[in-house]
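Colleague: I'd like to learn how to read a structure like this one. Could you walk me through it, feature by feature?

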Amino acid sequence: VHKEPLGHEEIEIHVKAVGQNLHDLMVLMGQSVGSECGLETAGIVTRAGRKAKFKVGDKVCGLHPGTLSTYVRAFHNTFVKIPGDLSWTSAASIPLIFTTAYAALYDFAMIKQGEKILIHAAARDLGQACIQLAQLAGGEIFATVESVEQRELLTETYAIPHDHIFSSGDLTFAAGIMRMTKEQGVDVIVNSLSSAALGATLECIAPFGRFIETGQANVYGSTQLNMEKLKENVSFRFLDISRA
C-alpha cells in the first residue's frame, strides 16, 4: 500500500487484472516512449480522496500508466465503475481500445451520420471497437481484414457487406475502396497499417477527410509519407492514448 497521502481527487486500487497489449510489447522492445508496463486495469478501491467519485470497496476499471503492479494510485476521472456481471479480466480488456476508438472517431474525426469510414485490421480488438462506435453514429463502414475467417466474422457480427470488406494482404484494397466510393474516397480513416500500405491508404481519402493514425511503429519509426494528399484539406492526426 502506498504510504503517501492521496490527493483530493485520487484513488488507490488493489489490482485484480491487467490488460496487456501491443503498447506493452513495444515498451519492452524499446520501440515506444516510456518504460512502464500496463496501461489498463481493473480492481477494488482501497482508498479514496475526499473529492473522488468512488468509495472504498467500489469495483472499477480504467487507464493509468504502470498498472502491472499490486496497487495503483490514479486520478479518479480515468476510471469507471464495473457492472456486477463483468469479470475482472473482461473489465481490464475494455478501457484502452474503447477509449482509443472513441477519441479517434468522435474527438478527432468528429464523424457524422452517413459518412464513409475505413477501418484497417477491423477484426482485431481496436477495429471491432471502432466498428461499433462508427455504426452507432450511422457511418458507412469499409474494412480490411487478414483472412476469410475475419471477413465472415465482420459480416455475421456487424452485417458489413462482403463488397465493403477487403484484404490487407496486398495493396489492392485501395483500388477496391475507390471503386466502391465512385472514386470519391472515404471521409475518415482509422489506420494501423505500415510500409507501402500506409501510402496506399492515404490515397483512399476524400477531400476534407480525416486520417487518424493509430500505428505507433509508423510514427516512432519516422516512416516516410508522401503528403501530397493533404493539399485537398485533409487532416492527419496521430493518436496514442498512453501519452494522453
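**Reading the model: charges, sheet, core**

Modeller: Let's start with one side chain: Lys 116 counts as partly exposed, because its relative accessibility is 24%. Keep in mind that this is a predicted model.

Colleague: Which residue does the side chain of Lys 116 meet in a salt bridge?

Modeller: The idea is to look for a Lys or Arg nitrogen within 4 Å of an Asp or Glu carboxyl oxygen. Here the partner is Glu 140, with 3.8 Å from N to O. The two sit in distant parts of the chain, 24 residues apart: Lys 116 is in strand S6 (residues 116–119) and Glu 140 in strand S7 (residues 140–145). Glu 140, at 29% relative accessibility, is also partly exposed.

Colleague: How many salt bridges does that rule give?

Modeller: The count comes to 10. One of them joins Glu 12 to Arg 47, whose closest N and O atoms are 3.1 Å apart. Glu 12 belongs to strand S1 (residues 10–19) and Arg 47 to strand S2 (residues 40–48), so this pair ties together parts 35 residues apart in sequence.

Colleague: Is Glu 12 buried or exposed?

Modeller: Under 20% relative accessible area we call a residue buried. Glu 12 has just 1% relative accessibility, so buried is the word. Arg 47, at 24%, is partly exposed.

Colleague: And what about Lys 55: which residue is its salt-bridge partner?

Modeller: That's Asp 58, again with a closest N to O distance of 3.1 Å. Check each end separately: Lys 55 is exposed at 52% relative accessibility, whereas Asp 58 is buried at 8%. Salt bridges can also join up, and Glu 4, Glu 10 and Arg 73 are linked in such a network.

Colleague: On to the sheet. In what order do the strands run?

Modeller: Read across the sheet rather than along the sequence. Five strands make an open, antiparallel sheet, ordered S4-S1-S2-S3-S5. Strand S4 (71–75) and strand S5 (79–81) are at the edges with a single partner strand each, so one side of each has no neighbour in the sheet. From one strand to the next, the twist averages 45°.

Colleague: How many bridges pair S2 with S3?

Modeller: Five, in the antiparallel sense, with strand S3 covering residues 59–63. To follow one of them, take Thr 41: its bridge partner in S3 is Gly 62.

Colleague: Which helix lies across S2 and S3?

Modeller: Helix H3 (residues 95–108), and it runs at about 55° to S3.

Colleague: Now the inside. Which residues touch the most other members of the largest nonpolar core?

Modeller: For a core, look for the best-connected members. This core has 33 residues, and Leu 105, Ile 131 and Leu 154 touch the most other members. H3, S6, H4, S7, helix H5 (148–158) and strand S9 (186–191) each give two or more residues to it, with H3 giving the most, seven.

Colleague: What is Ile 131 in contact with, leaving aside neighbours within four places in sequence?

Modeller: Ile 119, Ala 122, Ile 141, Leu 154, Tyr 158 and Ile 160. Apart from this core lies another one, of 18 residues, including Leu 118, Ala 200, Ile 205 and Phe 211.

Colleague: One last residue: where is Gly 127 placed?

Modeller: In helix H4 (residues 125–136). Gly 127 is buried, because its relative accessible area is 3%. Beyond residues up to four places away in sequence, Gly 127 touches Ile 119, Ala 121 and Ala 122. Compare sequence with space, too: Gly 127 and Ser 192 are 65 residues apart in sequence, and their C-alpha atoms are 9.4 Å apart.

Note on methods:
Residues are numbered from 1 along each chain as its sequence is written. This is a predicted model: local features need pLDDT of at least 70, side-chain atom pairs count only at pLDDT 80 or more; totals for chains, interfaces and linings use all residues. Side-chain values use heavy atoms; hydrogens and water are left out. Helices (H or I, at least four residues) and strands (E, at least two) are DSSP runs, numbered from the N terminus. Buried means under 20% relative accessible area, exposed over 50%, partly exposed in between (1.4 Å probe, protein chains only). Two strands pair if DSSP finds at least two bridges between them. Axes are lines fitted to C-alpha atoms, for helices over the stretch in contact, and angles run from 0 to 180 degrees between N-to-C directions. Contact means heavy atoms within 4.5 Å. A nonpolar core is a set of buried Ala, Val, Leu, Ile, Met, Phe, Trp, Tyr and Cys residues joined through side-chain atoms within 4.5 Å.
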